[in-house]
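Biologist: I would like to go through this model with you and ask how each label was earned. Could you bring it up first?

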Amino acid sequence: MAAVKQTVEHVASLEKYKHGFVSDIEQDFAPKGLNADIVRFISAKKDEPQWMLDWRLDAFERWLAMDEPDWAKVNFPRIDYQDSYYYAAPKEKVGPKSLDEVDPDILEVYKKLGIPLREQEVLAGVEGAPRYAVDAVFDSVSVVTTFKKELAQVGVIFCSMSEAIREHPELVKQYLGSVVPVSDNYFACLNAAVFSDGSFVYVPPGVRCPMELSTYFRINAENSGQFERTLIIADKGSYVSYLEGCTAPMRDENQLHAAVVELVTMDDAEIKYSTVQNWYPGDPETGKGGIYNFVTKRADCRGDRSKVSWTQVETGSSITWKYPSCILRGEGSSGEFYSIAITNGRQQADTGTKMIHLGANTRSRIISKGISAGKSSNTYRGLVSAHPKAKGARNFTQCDSLLIGKHCAAHTVPYIEARNGQSKFEHEATTTRLSEDQLFYAMQRGLSQEEAVQLLVNGFVKDVLQELPMEFAVEAQKLVAISLEGSVG
Amino acid sequence: MLSISNLHAAVEGKEILKGLTLDVPAGEVHAIMGPNGAGKSTLSYVLTGRQGYEITGGGTTLDGEDLLALEPNERAARGVFLSFQYPLEIPGVPALTFIRTALNAQKKARGEPEITAPAFLKLAREKAALLKIDFDMLKRALNVGFSGGEKKRMEIFQMAMLSPRFLILDETDSGLDIDALRIVSEGVNALRSPDRAMLVITHYQRLLDYIKPDRVHVLAGGRIVASGGPELALELERDGYDRYARAA
Ligand SMILES: Nc1ncnc2c1ncn2[C@@H]1O[C@H](COP(=O)(O)OP(=O)(O)O)[C@@H](O)[C@H]1O
Ligand SMILES: [Mg+2]
């Protein structure tokens, strides 16, 4: 695919954080700070119905009564929630529009990032190459969604959350907050109050979504947070594969990204959800700046034999705090979590998954590959639990950590709760240091030190990379390499 | 081709090579024999540029170029290859991927075009057949779960694929049964040519029945204490290293 190839070449050609540019685009901001009026402002900007505003205000009330969590193995100064903008959007009319109506400067940003927004260009790509539809979210709003018509022909709804609230209120009302309750946790509750945009997907019964869906999140504005909200529903016997990518400019102050993603699968349905997260990680030497990536992602496998698999490649952000989880409610339902989490410089990551086995004969599989370099800290935190009714539940967990250099740290914190005698959980964990001997061996064969590190790291993460849709795997592999540049020697 | 003069090298502050001098002209095969701990592997690591081996005196040139000033991969690109005494395992990286990446890195460094996938596979099949290596084994992660003998055979396979000019074999015979020894030796002999040279490290004469050396050197106490023709290896086989160990 031309666009992806271009991105890959672009990625390869740059040394450091390649997405760090800022675009000068005329924007609308909400006044700085956070109060009930800001919540009303956001809702009004989006032309939302009363029920949505009520939902937000209720969330805001609850959030005021909550405290920031402190159990994760991450350190950061107290966030001043009043010192940020909760709404930033390119100055344009609200509502769906065609590509011709989108600000050319914004199109230029996506072009620079290598994200294909022009359907005809995607179509003109390499023959036989898979195509994918894109929802482009710029700061607080979705600017364009591609291939909507083609998807609508098979009944698939793919649009921004704002549009879904207006156009498909019955679906939104039914499912929004049904997987991640409003007051689930501090950041999810904040998100419920001020969420800006995100993607909405509904796949009707028996439909196999004809193309990959993807959302590309871009934070551009200064001093603003991004609060995306994504909801994907796979009805009986349907299938969809969805990918999200994220980047932000290099800035000295920290920016908060508190997203909520909810997935619902009915009987025999399957969702494959992939993330390539490359938010600005902050300055590698001083640790200044970078995105706080505090995200709640959860899937509810409601239907029997339904399946959700989370695949994540987490390379960016100064702090990552996320645990994509599966509630395995349906009988025989299954959840998978494949993760590559890389920390370098002064990054901190506390990430993992929760597999909650509620139904009989439910299965889960966790493969986590953590790589720490520089002075970073990388924690895997995972919970596997089986409730009394989850007879025959099975889990396999493989948790590997790779250390590069002598100043980084890796931790593994697995929690296991089996509340019936007929579940079987297996856990394997390894921690290895990238060995000088292996590096020398590869260099003796002709690889430079960087190439040797790359090859060894690729070997380490291979099991997870191969879970990504093919056209993104190449890109992810390059990203892994770039994230670790300069980590040895 | 390779010229080592009065080479001194230390590991962790301890001098292991203490004034080693040796010339290996193009087209020749030289054997280095010596007791355990004499510094044979140390010599192979110093020649290939492993970290932690400090040169404390003397020098080495390859075709007149200062070899010791180069990075390990730069030496590889100039054709220096070491068959390791203890080959490393590379988890998750198929042997073929590893070798192709290495070959292309070398070609790039020499300003040659990369090898195409079909050409590479053809070459791999040819060399695998020569060394009686099951092609499926080449799709597995390099050396992971391989037996000692398989690892050694894989070293020679890599050597055949990379087609180096200066070859160092460090105890390639250890861990090989007699059939494997014959196959591996044939692989090595196939690379003998007027513009290549080899340093064959072993402490058994057995290997030299298959890979006939032009010269044999005894390394003891960090230097070459005796040199001779193939008959020297036979003498060592009969009398042992005692005499030389004492001399050192
Ligand atoms: N990394 C090391 N640290 C300290 N001493 C070492 C190290 N490697 C080798 N040596 C010492 O150097 C000497 C030569 O070792 P080596 O070159 O492996 O001998 P050989 O290959 O001839 O058996 C031995 O005394 C060994 O203990
Ligand atoms: Mg040795």
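**Around the ligand**

Modeller: Happily, and bear in mind that this is a predicted model. Ligand 1 is surrounded by Val11(B), Glu12(B), Lys14(B), Ile16(B), Pro35(B), Asn36(B), Gly37(B), Ala38(B), Gly39(B), Lys40(B), Ser41(B) and Thr42(B). These shell residues divide into four nonpolar, five polar and three charged.

Biologist: Which elements of chain B each supply at least two residues of that shell?

Modeller: They are strand E2 (14-24) and helix H1 (40-48) of chain B. The largest share, three residues, comes from H1(B).

Biologist: What makes the approach of Ser41(B) to ligand 1 a polar contact?

Modeller: A backbone N or O atom of Ser41(B) lies 2.9 Å from an oxygen atom of the ligand. The cut-off for a pair of N or O atoms is 3.5 Å, so this pair counts as a polar contact. Gly39(B) offers another case, with a polar backbone atom 3.0 Å from a ligand oxygen, and for Ala38(B) the distance from a backbone N or O atom to a ligand oxygen is 3.2 Å. Of the 560 Å² of accessible area that ligand 1 has on its own, the protein covers 64%.

**The sheet in chain B**

Biologist: How do you know that E1(B) and E2(B) pair?

Modeller: Two bridges are the minimum for pairing, and eight join E1(B) to E2(B), so they pair; the two strands run antiparallel. One of the matches puts Ala9(B) with Leu17(B) in E2(B) as its bridge partner. The two strands form a hairpin with two residues between them, and in the turn Glu12(B) has a positive phi of about 45°. Glu12(B) is also in the shell around ligand 1.

Biologist: Which strands of the open sheet are called edge strands, and why?

Modeller: The sheet has four strands in the order E2-E1-E4-E5 (chain B), with antiparallel pairing. E2 and strand E5 (65-66) of chain B are its edge strands: each pairs on one side only. Further in, strand E1 (residues 2-11) and strand E4 (residues 53-62) of chain B pair over eight bridges, with Ser5(B) opposite Gly59(B).

Biologist: How many bridges join E4(B) to E5(B)?

Modeller: Two bridges join them. The pairing rule asks for at least two, so E4(B) and E5(B) still count as paired. The partner of Thr61(B) in E5(B) is Asp66(B).

**Buried or exposed in chain A**

Biologist: Is Thr397(A) buried or exposed, and how do you know?

Modeller: Its relative accessible area is 3% and buried means under 20%, so Thr397(A) is buried. Thr397(A) sits in strand E21 (residues 394-403) of chain A. Leaving aside residues up to four places away in sequence, Thr397(A) touches Ile366(A), Tyr380(A), Val384(A), Glu426(A), His427(A) and Glu428(A).

Biologist: And why does Gln422(A) count as exposed?

Modeller: Exposed means over 50%, and Gln422(A) has 51% relative accessibility, so it counts as exposed. Gln422(A) lies in the loop between strand E22 (409-418) and strand E23 (424-433) of chain A. With the same sequence neighbours left out, Gln422(A) touches Lys391(A), Gly392(A) and Ala393(A).

Biologist: What makes helix H9 (residues 186-194) of chain A mostly covered?

Modeller: Nine of its nine residues are buried, among them Tyr186(A), Phe187(A) and Leu190(A). At the start of H9(A), a side-chain oxygen of Asn185(A) reaches to within 3.0 Å of the backbone nitrogen of Phe187(A).

Conventions:
Residues numbered from 1 in each chain as written. Chains lettered and ligands numbered in written order. Predicted model: local features only at pLDDT ≥ 70, side-chain atom pairs only at ≥ 80, totals over all residues. Heavy atoms only, no water. Near = heavy atom within 4 Å. Polar contact = N/O pair within 3.5 Å; in protein donor to acceptor, adjacent residues only side chain to side chain. Areas by Shrake-Rupley, 256 points an atom, 1.4 Å probe, with all protein chains shown as cover. Nonpolar A, V, L, I, M, F, W, Y, C, P; charged D, E, K, R; others polar. Buried < 20%, exposed > 50% of the residue type's maximum accessible area, 1.4 Å probe, protein only. Contact = heavy atoms within 4.5 Å.
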